[in-house]
Amino acid sequence: MMRNKRGGAKSTRRMAKKAAPAALQTEVVNDEEWEKVLKRKGLVVVDVYSDWSGPCTGMVSILKKLKMEIGGDALSYAMANCDRVTDLKRFQGKSEPIWMFIHEGQMVNLMFGAHCPQFVKMLMIELERVQKGEEHEFSINVFEESPEEIVRLKIQEEAKIAKETARKARKVAETKARYEAEMLHWTTSLCNETCLLLFPWIFKDEEGRRRDKRTSPPYVELIEELLPENYVVEQELRKRMSEDLLQQMLDESTYSFSENSKQLLFDGKCMFMRLKIVEGKKNLDVHEHLCSILFNESNLPESEDNLNEECYAGKHCPAFEVPEKENKKFPFVWTPPNPRNKAVVFRTIFTVYTNTTYPYEDKMTKVPITVFKYDYTRKNDLKMVVEMFDDDVINFGIFEYDKPPEAKMIAKSIEAFEKNTEEKTGYEIFVCTVKKVGCEAFLGFAGIGPFHVSENPEKAIEESKLYFPDIIAVEDSQSDDEEKAEELGEHQDGVAAT
């Protein structure tokens, strides 16, 4: 027995296809669609969003209710992608909802955030003005900044300036603390050592030519009579002085050489002597005792005019002929006036010896670090976190792909990456080396979804060096304990004393 199909073949009726309801919000993803929105009648409320944050879905039910109850044809909605609409580019990188109210192609109001009562109130006010034909508080081009934006930008700029001022103050304080810690190390380490400077003219003969130091009366008297009882000459070093070197050497002191002294000082090579107090005499003040030997007083005289002619530093004059030599004073010896300046001189003149013998370890720079790596999708989140914790970021770089050291660094900041990198593959990785000194910065970077976090500080150091290798410029220069010949046949004097 055959069954008839329901309704029979002849009575088959085709069901009319139900039309899909129109979308509440028109999606705008290019300039052409944006122009159509601007031409709409009535009040247009636009949800401005970006690729990475998406539109605000929490307001949909409110939008629908307002449309049905009071808006009618005078109210329409849209959601526009600020990454793809030219007029809205200024909103890129914003993380909060943005609502733009448009009437007759002009922006009449703008609201940031998703505060429902405030949103409803603003919409009702602007809709009523449209329906009654009243003027809006402002009506400007959609690409211009609204009063709210101007206020926010001013607040952001003030906050940025305050943050930068605080950052600079913090850097200055850190630099000063680091300098003082380093200075304390050098002054303590060099407490039993000092140095002196001999002017070039004492090593010149009657003809003004260079002579052997052992034939120089000032040198012989110093080495054989004055120093041996309390000081050991550890090193003699010849250097030609310059204005820049002299200024560097005088740091941490108020002493200044007269023009006459500078002329004598720059006329040839000086000799620096590095001295150490002899064993058993360490109860002596290394500085004051040397000054008493050289100048017959416990401190360095302020100028050559104050030199006593009976002291060692005041009784010698050049062997060669100088006009009015009898009426002139010829300074030829100098020593650092205080322990801090002595530390500067040692680091400037006896650099190799000082750094080798008394190496300084900067404990302030040895902080644990963490390396974070992010893919392209985290770019905007990372941009905000880097700006928030910029003081804690040691290194930052964007690489073609995740394969160091082959992968090329294409940008050192997200701003440079966005502006200068023409083609983006989506495979770029963002690498941050961050100080692990507090929870706030660490949690900030960890909370935005890195695909890699270094296991421990030791591993982080290895990883950081792969992406950010240290670039050290090696100077092709001589050691402080060596001397470059200035003229043919000139012998080296920068040797350790025996």
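**Close-up views of strand β10 and the largest cavity**

**View A. Strand β10 is covered on both faces.** One side carries Ile 369, Val 371 and Lys 373, and the other carries Thr 370, Phe 372 and Tyr 374; all are buried. The model shown is predicted. In a regular strand, side chains alternate between the two faces of the sheet. β10 spans residues 369-374. Six of its six residues are buried, so each has under 20% relative accessible area.

**View B. Strand β10 pairs with strand β13.** β13 covers residues 429-435. The two strands run antiparallel. Six bridges link them. At Lys 373 of β10, the bridge partner in β13 is Val 431.

**View C. Strand β10 also pairs with strand β14.** β14 is formed by residues 452-453. The pairing is again antiparallel. Two bridges join β10 to β14. Here Lys 373 has His 452 as its bridge partner. Lys 373 thus appears in both pairings, with Val 431 in β13 and with His 452 in β14. Lys 373 is also one of the buried residues of β10.

**View D. The structure holds one cavity of 30 Å³ or more.** The largest cavity encloses about 110 Å³ of space. It is lined by 15 residues. Closest to its centre are Tyr 255, Glu 304, Leu 307, Pro 331 and Val 333.

**View E. The lining of the largest cavity, by residue class.** Twelve lining residues are nonpolar. Two are polar, and one is charged.

Methods
Residues numbered from 1 in each chain as written. Predicted model: local features only at pLDDT ≥ 70, side-chain atom pairs only at ≥ 80, totals over all residues. Heavy atoms only, no water. Buried < 20%, exposed > 50% of the residue type's maximum accessible area, 1.4 Å probe, protein only. Helix = DSSP H or I, 4+ residues; strand = E, 2+ residues; numbered from the N terminus. Pairing = 2+ DSSP bridges. 1 Å grid on protein atoms, 1.4 Å probe; cavity = no way out; pocket = protein on both sides within 12 Å on 5 of 7 lines; lining within 4 Å. Points joined across faces, edges and corners; volume = space filled by probe spheres on them. Nonpolar A, V, L, I, M, F, W, Y, C, P; charged D, E, K, R; others polar.
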